[in-house]
Every structure is written in structure tokens, then in C-alpha cells.
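Trainee: Could you take me through one part of this model in detail, strand by strand? I'd like to get the sheets straight before we move on to the empty space inside.

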Amino acid sequence: MTTKMIFFLLFYNASVILLVLGSVDHLKPSASALEQISAVQKLLNRINFGLADFYILEIDRTLSDNSEMVLVKSWKDVRNQTLIKGTSGVALAFGVNAHLRNMYDVHIAWDGIRVELPAIVSPPHKQMMFKSIGRYRYFGNVCTFSYSFAFWNWSRWEYFIDWMALNGINLPLAHVGNEVVWKSVFQDFGLTDEEIDQHFAGPGFLAWYKFEPFLQFWQGPLTETWHQDQLVLQKRILKRMVEFGMLPILPAFAGHVPDGFRRIFPTANLLSAKCWIFNSTYSCLKFVHPSDPLFLQIGKAYMQKLENYFGLFHAYSADPFNEMVPNTFDVMFLRNVSFAIYNVMLSVDPKSVWVLQSWMFLSSERWLENENAKHFLTAVPTGSILVVDLYAEEYPLYEKFSGFYNQPFIWCMLHNFGGVQGLYGNLARINQKLADVSTVSNISMVGTGLSMEGIDQNYVVYQMALDRFWSPNNQKVDLAAWIVQYCIQRYGRLETNVISACKLLLNNVYCAEHIFFHCKLNSVIDEDTRNWLKNRFLSNDHHNIGILTLRPKFGMKEQGVGITKSIYTAWGAFLQSSRTCQESEIYINDLVELTKHALMLTGAKLYEQLQASYIRKCGQEFLENAAAVEQILFDLEWISKTHSRSMLSKWIEIARANGKTAAQSDQLEENLRMQVTIWGPQGEIVDYARKQWAALFSEYYLPRWRLFFAHLYADILQLETFNQTLLNNRLFHEIELPFALQKIPNIDQPTGNTVVVSKILYNRYRIIK
């Protein structure tokens with residue numbers, strides 16, 4: 001497509017004429033074909049040393065204009081060499097993965113790897129061809145950088161970048177180390193070290209400072225050691241991404257600044273941004289009015305520093321109103337904000353594309369009024385903004401906002417919030433919702449993507465989505481056939497019982513219709529907005545997965561209780577393959593997760609019985625049900641302790657490793673504990689990022705339920721009327737906050753045999769399912 005050149009005139013101050021590219025077609029790999037091929041060859045040898053010798057790699061950008069394409073076939077009829085020809089290094093990596101998966105059932109996931117290859121890796125029996133839906137496969141959610149990536153080292157990042165390349169992702173968020181740039185900018189403007197320290201959130205909460213700019217200082221400050229380590233890490237991340245032909249998205253300036261700018265610029269037009277759920281100590285940042293020259297001054301200084309530290313890659317994210325309402329919906333204000341943000345990017349990089357999350361349009365129903373969203377999105381030329389339709393598998397906003405008014409957009413699957421664990425998803429809905437896009441005319445969808453808040457859960461959902469992104473002509477995947485092939489690849493063999501379990505899970509868990517919206521309604525200050533969200537989405541605070549991990553209260557309902565029998569049948573079938581599969585780390589991981597899910601559903605049914613006995617004031621029956629729920633929590637602890645990935649101590653060990661002193665390691669542990677428990681200083685969104693880990697079950701969830709039972713039983717005995725507010729206060733001060741603040745005495749190691757423990761629990765609970 002020929003790039004359309006557009007001129008536009010800024011609204012404010014000096015009349016500045018800028019040259020703007022009218023599409024996103026210029027976002028292409030900056031590495032040479034040879035560099036990209038070399039990166040893929042090195043990847044092959046990281047998978048299995050010498051594997052690159054079996055492949056001939058070629059990049060041919062003429063294969064496709066508006067998508068990525070890859071061909072996999074024999075190399076000139078020469079035995080044992082496979083030709084992979086693709087439009088980029090990422091396309092080549094995807095082709096290699098497709099070949100290995102289809103020929104040798106290789107499985108490379110974010111939660112494990114299974115590679116069993118013969119001495120000679122042969123080409124496919126016939127040519128394979130893959131073409132992506134649109135040019136870009138996006139990856140990331142600003143929250144992922146705190147919920148999943150906060151404490152990663154280079155080794156973990158290297159594996160993950162390999163995984164992205166193998167799955168065809170070419171447009172990843174790259175937000176590590178950005179606070180180093182801002183610190184330098186703030187120092188140049190005259191902020192004191194104290195003012196800077198009070199602005200940065202801690203490592204476990206940085207996402208809500210620098211990407212969704214409504215949180216500051218909480219769990220900070222950042223040490224100089226942290227800054228320098230992250231700077232080195234980001235440079236390595238960007239180098240590797242670029243070598244593969246990826247297009248990393250760096251963060252830009254969205255208008256928010258520390259309080260110290262009011263001291264330095266007392267006459268500047270600094271607005272108080274709408275507060276998030278925290279008090280003014282941690283929220284309510286300052287927002288530079290877009291008409292104030294300071295906006296461009298700060299933004300340009302930042303972009304210049306960004307170029308000096310990392311280079312320019314033309315794609316930049318900026319989200320001015322995520323989960324907050326603009327100060328005003330005046331049309332000129334909205335347009336000026338849009339203009340100002342994009343002009344900052346252009347001031348340093350004339351090829352800039354602004355990557356904008358659609359999530360901000362859920363902050364208020366007023367975005368739907370008076371074409372407010374249209375005014376914001378069309379204040380800059382078509383192609384200047386690339387909208388990430390963040391939750392398109394459930395609530396595709398391209399439908400509500402007229403395809404984002406001709407701005408190109410990426411269809412994304414969100415699925416997960418807070419890194420919450422438990423088995424859930426809706427593959428049928430994902431399959432259909434993506435197909436629906438093809439039926440809509442006059443829109444500009446240029447790619448697909450994953451936008452989960454946290455990884456390390458429900459990998460099957462994401463692998464299916466990634467495969468779906470390359471389905472021919474956006475055709476729906478045959479899920480029944482796909483799940484069989486997926487299980488063969490994941491577990492390495494055609495096991496009848498495993499296949500049976502996978503089919504049951506597909507039909508009862510992963511095609512569930514009742515997928516609840518996980519909106520932080522209690523984070524919305526504006527009552528009109530709160531009511532608007534409630535009217536549009538099915539649940540209030542959390543999708544009800546694993547209610548035993550939620551703060552106890554009356555009236556909770558677990559999602560999926562009605563399918564408990566099917567889950568136990570799947571669990572039993574899965575266990576029957578343990579003799580042949582128990583050496584597989586992936587199988588053991590999945591067995592732990594399936595066991596926990598079954599126990600969670602059983603615990604939820606016992607909770608319902610407990611509620612009934614409380615209502616009838618049957619004291620003895622209540623105590624029996626309470627004891628049964630407690631036993632479930634003991635057993636959840638037991639199975640979790642058999643596998644390191646399900647142990648809090650493993651994740652604490654990873655977090656603490658980033659500290660150079662005991663004090664630094666203690667701070668990082670506190671960041672992690674706070675995030676997975678109370679989240680904020682007053683438990684503002686308690687349990688939002690809850691996890692199903694050993695130590696949490698025994699030291700956090702179980703004590704909370706015991707206190708809940710005690711309050712209810714006191715009511716049954718007519719000693720004290722049950723009061724949820726009083727209970728919540730005691731839970732927070734006696735259990736939740738102390739747990740978040742404590743430090744681990746030593747790092748526990750897994751104990752017990754997963755298969756043995758799972759079989760004991762299966763036999764214990766299958767009769768009461």
C-alpha cells in the first residue's frame with residue numbers, strides 16, 4: 001500500500017506544520033534479513049544444539065503485502081533439510097515451530113518445554129503454508145509487567161522472547177527499565193531525589209505508575225541498583241527483539257508528572273488528575289494541560305532521552321485516561337490531549353505510531369456521548385493511532401466505536417485479570433468472535449494479539465488463540481481436532497485417557513458460556529460510571545474462580561460448580577495416564593492444577609452447604625461443614641507443596657534474588673506479598689491478584705476462613721450478630737496485613753510425590769463430588 005502523506009496544524013501555541021505518515025505500513029523490521037536469519041538459527045540451537053543444520057532459512061518480503069506468510073517444505077528434494085521461507089525472522093521462527101509441532105509433537109510453552117527429536121530432523125511430507133490474520137501479532141498488557149515480569153532476569157526473558165518468536169509475535173510491549181529514562185528527565189528539570197523517590201512505585205506496582213499513570217510511591221522507592229539492572233536488562237531485551245524482526249513498543253509521555261513540577265513551574269497549568277482508588281498520597285497525579293508549552297517541553301525531553309538510552313523503534317504506547325475519567329469531556333480538551341501526545345512523539349521521531357489501549361474508553365459512559373471518542377481518535381490523522389482492542393473476545397469495542405473511526409486496530413484476547421489462577425476460558429467464543437470481524441465492513445483491523453494481565457495460567461487458551469491468529473482466511477479452528485493434537489504435543493504421546501480428559505475439559509471448562517467480567521468496579525470513583533459498568537457486565541469485583549482464595553463473605557458463588565462431576569471424571573482419566581506420563585514436568589504441573597481445580601469446586605459446594613446450615617442455625621451441621629472446608633484448604637496446601645511452581649516460596653526466591661542487600665530483598669518480597677494479597681495499603685482491591693500457592697493456603701486463606709467461621713458460629717449461638725464490616729476489619733488487621741508484611745524465614749523445597757498425593761485426594765473426594 002502506498003503511504004499517504006498528510007499535513008496537519010496543531011491547535012495550540014505556535015503554528016507548527018508537521019509531516020505525518022497516514023498508515024502503519026511503515027512499521028517493519030529494522031534488522032537486515034541476514035541478522036534476522038542469524039537470530040532464528042541461534043534460536044534453533046538453543047532448542048536443540050545442532051538443530052539449525054537441518055534448516056535453510058530465507059526471508060522474502062514479497063510473499064505477502066498485508067500479512068505475514070511462511071512456507072515450509074523440502075529443500076530441493078535434498079533429504080533431511082527443510083526450507084523455511086517467510087516474510088520476516090519472526091515468520092521463520094513460527095514456521096520452524098509449526099514444523100516441529102506437526103512432525104515431532106514438540107511443545108514449547110511459557111510453563112514448560114518438551115522437545116524429543118530424532119538424530120535426523122526430516123522435512124515435512126508436503127509443503128505447509130501459513131498466513132497470518134493481518135500484519136501484526138501484538139503481545140502484552142501494561143499490567144503484565146508487574147503481575148508476571150516484575151522480577152525476571154535475562155535468562156527468563158531470553159526464553160520468553162524465543163517463545164514469542166516461535167509463536168509469530170512481532171509487536172511486543174517493551175516497557176522494562178523506562179523509569180531510568182524518567183529519572184534522568186526529572187533530574188534535568190530540577191526535581192529533588194526525594195521528590196523522585198516519592199513518585200516511583202515499587203517493582204511490583206510499576207505498571208500502574210508508568211503505563212497506567214494513576215499510582216505513585218506505593219511500595220517504593222526504587223534503588224539505584226534496581227535502575228541500573230533494569231537498564232542493562234532492557235537493552236538486552238530490545239537487542240534480541242530487534243534481531244528477530246520484532247517491533248518493540250516503548251512507552252511515551254501521556255501527560256502525567258510528579259507533584260514536584262508544581263514547585264518548579266508554579267504558573268504552569270497543571271491539572272489534578274482524577275484519583276484512582278488510593279488516597280492522594282499514592283494517587284491523584286498531576287496532568288499537564290495540553291495547551292501548556294510545558295507538555296511538549298517535558299515530552300520532547302523524555303523522547304530525546306529515550307532515544308539516547310534505547311533508540312527509536314517508531315511504536316510508542318501512551319494511555320492518558322486508563323481507569324480514570326478525563327477532567328472534562330470538552331471536545332477541544334479531548335482533541336488537544338490527543339494532539340499533544342502525538343506531537344510529542346513526532347517531535348523526535350517523524351515515523352511515530354501511537355499505540356493506544358481501548359481500555360480507557362471503559363472509564364466512563366461519556367465516551368459514547370457526543371462522539372467524544374471520535375473527537376479524541378480523529379484529532380490526529382488516520383494511521384497515527386494504532387488501537388489495541390484489549391478485550392475483544394468478550395467486549396469488542398470496535399463495534400461500539402465504529403471501528404475506531406478508521407484508525408487501524410488490533411483484535412486482542414485478554415482472558416486473564418491479575419494473574420488469577422484456576423481453570424477457565426472460552427475457546428469457542430474466541431474462535432467465533434475473531435471470525436465475526438470478517439463480517440464487518442469499513443474497518444481497519446491490521447492484526448491480532450494477546451493482552452492478558454498475567455501469564456502462567458491456562459496455557460491451552462493462549463496456544464489456541466495463537467494458532468487461530470494464523471488460520472487460513474480467518475476460518476474457525478476445529479476445536480475437537482485441535483484439542484487432540486494439542487494434548488499429544490503437550491504430553492508427548494497419544495494417551496487415550498489424557499485425550500479423554502482433555503476433551504472433557506474442553507467441553508466443560510474451556511467452552512464455558514458464563515465467563516464473568518473481572519472489572520475493578522470498586523476502583524471506579526464516579527458513581528455514574530460504576531452503574532454504567534454494572535449494567536453492561538455480568539459480575540461485580542471478580543470472576544468467581546476459586547472462591548476459597550477470596551476474602552470470606554456471605555453469598556459468594558463459584559463459577560463452574562455445576563460441572564464438578566465432569567471435572568472429577570477428567571481428573572480420574574488424567575490420573576490413569578500417570579504411569580506413562582509422570583516423568584513429564586508439564587504433566588505434573590497440569591496434574592497439580594487439575595487437582596486444585598477439582599478441590600476448589602468441592603470446597604465451593606461445601607461452602608454452599610455451610611451457608612445453608614448457618615441460615616437454619618444448625619450449629620452441629622455448621623461445624624461439620626466448616627471442618628470440611630478447612631480440610632479442603634489443608635489438602636490444597638498439600639498438593640501445592642509437591643510442585644515448586646505452586647509454592648509461594650519459589651516466587652519469593654525469584655523476587656529476592658533481584659536485591660543486592662538484605663534490605664533490598666526484603667522490600668522486593670514485600671512487593672510480591674502485597675501484590676498477591678491486599679494489593680493496596682488499605683486492601684483497596686484485596687485478592688485481585690490472588691494465587692493458588694502453598695503457604696497462601698495454610699497461612700493466609702485458612703486463617704481468614706477460620707475467623708469467618710468463628711463470627712458466623714457466634715451468631716448461631718446468639719453471642720454476637722454477624723457483621724461483615726467488623727469481620728473485614730479484623731481480617732485486614734489480624735491476618736492480611738501481617739501476612740503481607742512478614743518475611744520468609746527460609747525457602748521451602750517441594751515435598752511429596754504429586755501423583756501419589758493427587759491419587760489420595762481423588763479417592764478421598766470423588767465420593768462426595
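**The sheets and the largest cavity**

Mentor: Let's start with an open sheet of three strands, ordered E12-E14-E13 with antiparallel pairing. Strand E12 (256–257) and strand E13 (270–272) are at its edges with a single partner strand each, so one side of each has no neighbour in the sheet. Helix H10 (residues 293–310) packs on this sheet and touches E12, E13 and E14, its direction making about 100° with that of E14. E13 and strand E14 (residues 286–288) run antiparallel and are joined by three bridges, with Ser272 opposite Lys286 in E14.

A word on terms and source. This is a predicted model, where local features need pLDDT of at least 70 and side-chain atom pairs count only at pLDDT 80 or more, while totals for chains, interfaces and linings use all residues. Numbering starts from 1 along each chain as its sequence is written, and side-chain values use heavy atoms, leaving out hydrogens and water. Helices (H or I, at least four residues) and strands (E, at least two) are DSSP runs numbered from the N terminus; two strands pair if DSSP finds at least two bridges between them. Contact means heavy atoms within 4.5 Å, and angles run from 0 to 180 degrees between N-to-C directions, with axes fitted to C-alpha atoms, for helices over the stretch in contact.

Now the other open sheet: eight strands in the order E10-E9-E19-E18-E17-E16-E15-E11, with parallel pairing. Strand E10 (171–172) and strand E11 (249–251) stand at the edges, each with a single partner strand, so one side of each is left without a neighbour in the sheet. Inside that order, strand E18 (residues 409–413) and strand E19 (residues 445–450) pair in the parallel sense over five bridges, and Phe409 sits opposite Met445 in E19. Helix H15 (residues 427–437) lies across E18 and E19, at about 170° to E18.

On to the empty space. A cavity is a set of points on a 1 Å grid over the protein atoms alone where a 1.4 Å probe fits but cannot get out, and lining residues have an atom within 4 Å of a point. The largest cavity has a volume (the space filled by probe spheres set on the points, which are joined across faces, edges and corners) of about 420 Å³. It has 25 lining residues, and the closest to its centre are Leu423, Arg490, Tyr510, Asp590 and Glu593. Helix H17 gives the most to this lining, with five residues.

Note on methods
1 Å grid on protein atoms, 1.4 Å probe; cavity = no way out; pocket = protein on both sides within 12 Å on 5 of 7 lines; lining within 4 Å.
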